Amino acid sequence: MTGTSSGPKAGNPDSNEVLDWTKPGPGTWNLDASHYKADCSRMAQRAIIHGMAEGIEQGFDLVGAPLRRLQPAFVNGNFYTRLVPLLGSDRDLPPPPSPVIWLMTRLHRRFRERAKLARKAMDNRIWMDELARWENEHRPYLERSSAALTEVDVAGLDDAGLAAHIDETFLLVLEGTTLHFRLHISDLGPIGLLLVKGRALGLDNVSVMAAMAGSSPATSAPKVALQRIGDAARGVAGADTTFTSLDQVRAASEEAATLLDEFLAVYGHRLTTGYDLQELTLVELPDLLLLAINTVPDRSADAIDADAVAAGNAALDALLAEIPESEHEAFRQLVADARALYGLRDENGPLTYQWPAGLLRRAMLEAGRRLTAAGRLPTEAHVFDLDLEELTGLLTGETEPSLAELERRMAERRKWATHTAPPVLGLVAEDPPLWTMPGALAELMDVVLTVLDLIETQDRTSSLEGIGIGTEAMVGRARVVTDELDALARMEPGDVLIAPFTVPTY
C-alpha cells in the first residue's frame, strides 16, 4: 500500500507532550480509524488482534491469495494494520525489483501452489461454498450460542459463576471474530471482482454498487420487526398514540409485548454505537427504540424493500446498456454472486461479533458494579482496563491489578485519545505491479488492493466526501456522528446521518 512516511514521534498540537510512534514490526502500517478510538478497551484489542490475523490468513489460504495475512496492532491505542507478504514477512527489507518478483512468483514453490489454488478457487467460485457453510453451519451455531448466553441472568450468578460466564462469552467473541474476518474474503471478494471488472469496462464504482440495492435482507429485518411492534401496540392503544416507555408498549397488548420481547432477545444486546466494548447496545438506547416504534411509516417495509430490489435491477440494466453485449453474461454472473454475498456481508458483523460482544459487555458491566462495590475497581468504567484473566481473577479472589495501576491505565488511554495518530508508520510501500504476477494471482491481488484502497480512502479523507446510501437527493439537517451516542440520541425523522462508516445495527 502507498502512503507518506512518518517520523518516530508525533505530538498533540495543544501540548508539549510527545508520543513514541515506533512501528510495531516490519513493513508499512496503515492507520484504521473506522473501527476503534484511541481509548479502546483491552479485551476488544485482544479479540481483534487474534481474530483479524487468524481469520484473514484462513481466508487467504482458502482462495490462494499471494499474501499471508492482514496483521493488526495497536500503537498508543490507535489501530494499525499491515499486509503481510507470502515470503519474507519477518524482515524489514525494501521490496525486490519488479523483474525479481516476476521470476519469484513463477518459480518459487509456494507461489506456484498459490497460483493453482487461486485458479481453482475462482473457477469454482469458492465463495458460494462459504455462503452455504454460513447458512447451514456457522449462522445457526452463532444464533444458537448467542441466544443461550442471552438467556443467562448475569445478575443472579455468584462471582465464580459470573467469571465462568465471562470466559465462555469471550471464547464465543474470539471464535466469531476469527470467522468474521475469514468470511470477509468471500463476502467482499465477489464485490471486489465486480468493481475490478466494472473499472475495466469503464464503469464507476458508485454506479456499479447501485446494482446491489435490495440484496441484503439483514438490513431490513429489524425495521420490519419494529413496524410490527408499533402496529400491534397502536392497534389497541389507538393510531395516534405516542408511547413514552417500552413498558407502555408492552402494556398496550399481549401481542405487542411478545413481539417486543422477541425483538430484544435477538437484537437488544448487540453493540450498536460502535465496535468497542465501551460502546452501547440497543437495550441501553430505549429512546431510539421508542422513536422507531412511534414512527408510523408511510409505506410498509415490504413495499420499501420491493422498491429497493427494483432500483437494483434498474441500475443493472443501465450498466448493461453501457457495456458490449459480449460482456453481458459474465457481468450478470458477477453481479449475481456479489448480490448473493452482499447479504452475508451485512449479517456477518452483527452475528459474528456485535451480538457476542454485546453480551460480553453486559457481563463486564455486572462485574464492574460488583468489583467497584467491593473496592477492587476505582470506578465501574475501569472494568474496560482489565484483560480477561485479570477480570476473572478479581472476581475469584485475586488482588491484582491494583487500584493505582488501573488509574494509570485509564489516564494513559485518555492521553492517547488527545493525540493525532500518523496515518502511516514506516516507509512508503509501493503496491507490486500486477503484471509481475501470473494469471489468477494478479486477479486476486487486484481485488485485495481495490477493496483496501476504497476502505483506506474513506478512513483518511479530511474533506466532506463520502458515499450516499439513498436512492434520491434529499435536503435535511445533518447529524454528524463524531460522538455516536449524542448524535443518535438526537436524530429525528428527516435528518441526514453523516458518519465515518455505518453498520447494519444503525
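A residue is called buried when its relative accessible area is under 20%, exposed when over 50%, and partly exposed in between, with a 1.4 Å probe and protein chains only. The structure is a predicted model, in which local features need pLDDT (the predictor's confidence in each residue, from 0 to 100) of at least 70, side-chain atom pairs count only at pLDDT 80 or more, and totals for chains, interfaces and linings use all residues. Residues are numbered from 1 along each chain as its sequence is written, and side-chain values use heavy atoms, with hydrogens and water left out.

**Exercise 1.** Compare the expected span of helix α14 (residues 403-416) with the distance between its end C-alpha atoms.

*Solution.* Helices are DSSP runs of H or I with at least four residues, and strands are runs of E with at least two, numbered from the N terminus. The expected span is 1.5 Å times one less than the number of residues. For the 14 residues of α14 this gives 20 Å, which agrees with the 20 Å between the end C-alpha atoms.

**Exercise 2.** Determine which residues of α14 are buried, and what covers them.

*Solution.* The buried residues are Leu406, Arg409, Met410, Arg413 and Trp416. Seen down the axis of α14, they fall within an arc of 125° and so line one face of the helix, the arc being that of the directions from the helix axis to the C-beta atoms. On the other side of α14, Ala404 and Arg414 are exposed. The cover over the buried residues includes β2 (18-20), α1 (42-63) and α13 (388-395).

**Exercise 3.** Identify the elements with the lowest and the highest mean pLDDT.

*Solution.* Strand β1 (residues 9-11) has the lowest mean, 53, and α13 the highest, 97.

Conventions
Contact means heavy atoms within 4.5 Å.
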